[in-house]
Each structure stands twice: as C-alpha cells, then as structure tokens.
Amino acid sequence: MKVIIYTDGAAKGNPDGPGGYGTVLLYTDAKGNCHRREYSGGYKKTTNNRMELMAAIIGLEALIRPCQVELYSDSQYLVKAFKEHWIESWQKKNWTRGKNQPVKNVDLWKRLLKAMEPHEVEFHWVKGHAGHEENERCDQLAVSAAMGENLMEDPGVAV
C-alpha cells in the first residue's frame with residue numbers, strides 16, 4: 001500500500017516559544033476509497049527543526065501496516081539527512097558530527113528511524129510548499145498547533 005505524507009513544523013519564530021507540527025496522510029484503502037488524515041500538536045519549548053522531525057514521526061507512527069511511503073517536507077534538514085546519508089555517518093561516528101560535536105535532536109532522529117523501520121520511505125523536499133495544497137494545509141496545522149489549538153485526530157489510522 002502507498003501512503004503520501006506531507007509534513008510541516010512551526011516554532012513561531014522563537015526557539016524558546018511554543019512550537020507545533022502538522023501532518024497530512026493521503027492513502028487509498030483496499031476497496032479503492034481515498035482517505036485523508038490530519039494531525040496537529042505542539043510543544044512549549046522547541047525549535048523548528050524538532051517540529052519538522054515530529055511531523056514526520058507522527059505521520060509514520062500512525063501507520064499500522066508496512067507501507068510504501070512518500071514523505072514530502074519543506075525541511076532541507078530532514079530530507080538531506082536521508083538523501084545525503086547524514087544518518088549513516090552520524091551512526092558510524094556514534095551520533096557525533098564535525099569536531100566531535102553531538103548531533104542535535106538525536107532523540108528524535110532515533111525515534112524517526114524506529115518509526116521508519118517497517119516501511120519503505122522515500123523523502124522529497126518541497127521548496128516553499130510549491131503550491132501543494134496538502135502541504136499548505138500542513139502549514140496551517142503547524143501554525144494552529146503553535147498557537148495552542150490542538151487539532152490532532154485519533155491516531156489509529158487503519159492503513
């Protein structure tokens with residue numbers, strides 16, 4: 001089964017301020033019916049990169065069965081980490097980078113890797129949303145979460 005996930009994160013322009021994430025899942029069930037699920041949630045103290053990672057994690061953790069996943073994000077940090085093999089490099093160096101500096105957000109990177117395990121995931125960077133309606137909706141969800149409006153649906157996606 002193929003699932004398309006669009007993600008976005010928001011930190012309200014302040015790394016110490018409330019942040020949020022938005023995730024939209026699009027999929028077709030066994031009967032050929034199309035479905036769309038939206039998730040939104042926030043954290044009090046965080047950065048935009050953490051929100052981008054959380055958006056991807058929430059989308060992947062919502063999947064019950066192994067799926068082929070296309071994950072779209074406007075975060076180069078998230079997409080390049082996999083496309084340019086940063087993760088493998090960090091793992092080999094015991095989660096350090098550069099001059100033995102620790103990798104930021106290592107807890108979330110590990111959680112994302114765990115969420116990806118059963119799936120085939122392909123990462124795509126969407127520059128500035130590029131007019132993708134679903135990604136624009138993710139942006140709205142992320143901002144809503146950052147503003148304290150929790151719009152998260154029941155995470156039991158039967159995919």
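Which residue just after helix 2 takes a positive phi? In this predicted model, the residue in question is His85, whose phi is about 60° and which lies just after helix 2. Within helix 2 itself, which spans residues 76–83, the buried positions are Tyr77, Leu78, Val79, Ala81 and Phe82. These buried residues pack against three other helices, namely helix 1 (48–61), helix 3 (86–92) and helix 4 (106–116), and also against strand 4 (68–73) and strand 7 (120–125).

Nonpolar side chains in soluble globular proteins tend to be buried together. In the present model the largest nonpolar core comprises 34 residues, and those with the most contacts inside this core are Leu60, Leu78, Phe82, Trp109 and Leu112. At least two residues of the core are supplied by each of strand 1 (2–10), strand 2 (19–28), helix 1, strand 4, helix 2, helix 3 and helix 4, with the largest share, eight residues, coming from helix 1. When residues up to four places away in sequence are not counted, Leu60 touches Ile5, Val69, Leu71, Leu112, Ala115, Met116, His119 and Val121. Apart from the largest core lies another one, of seven residues, among them Tyr6, Val24, Leu26 and Val126.

Strand 2 also pairs with strand 3 (residues 34–43), in the antiparallel sense and over 10 bridges, and Gly19 has Tyr43 as its bridge partner in strand 3. The hairpin formed by these two strands has five residues between them, and in this hairpin Gly32 takes a positive phi near 90°.

Definitions and conventions. Residues numbered from 1 in each chain as written. Predicted model: local features only at pLDDT ≥ 70, side-chain atom pairs only at ≥ 80, totals over all residues. Heavy atoms only, no water. Buried < 20%, exposed > 50% of the residue type's maximum accessible area, 1.4 Å probe, protein only. Helix = DSSP H or I, 4+ residues; strand = E, 2+ residues; numbered from the N terminus. Contact = heavy atoms within 4.5 Å. Core = buried A, V, L, I, M, F, W, Y, C linked by side-chain atoms within 4.5 Å. Pairing = 2+ DSSP bridges.
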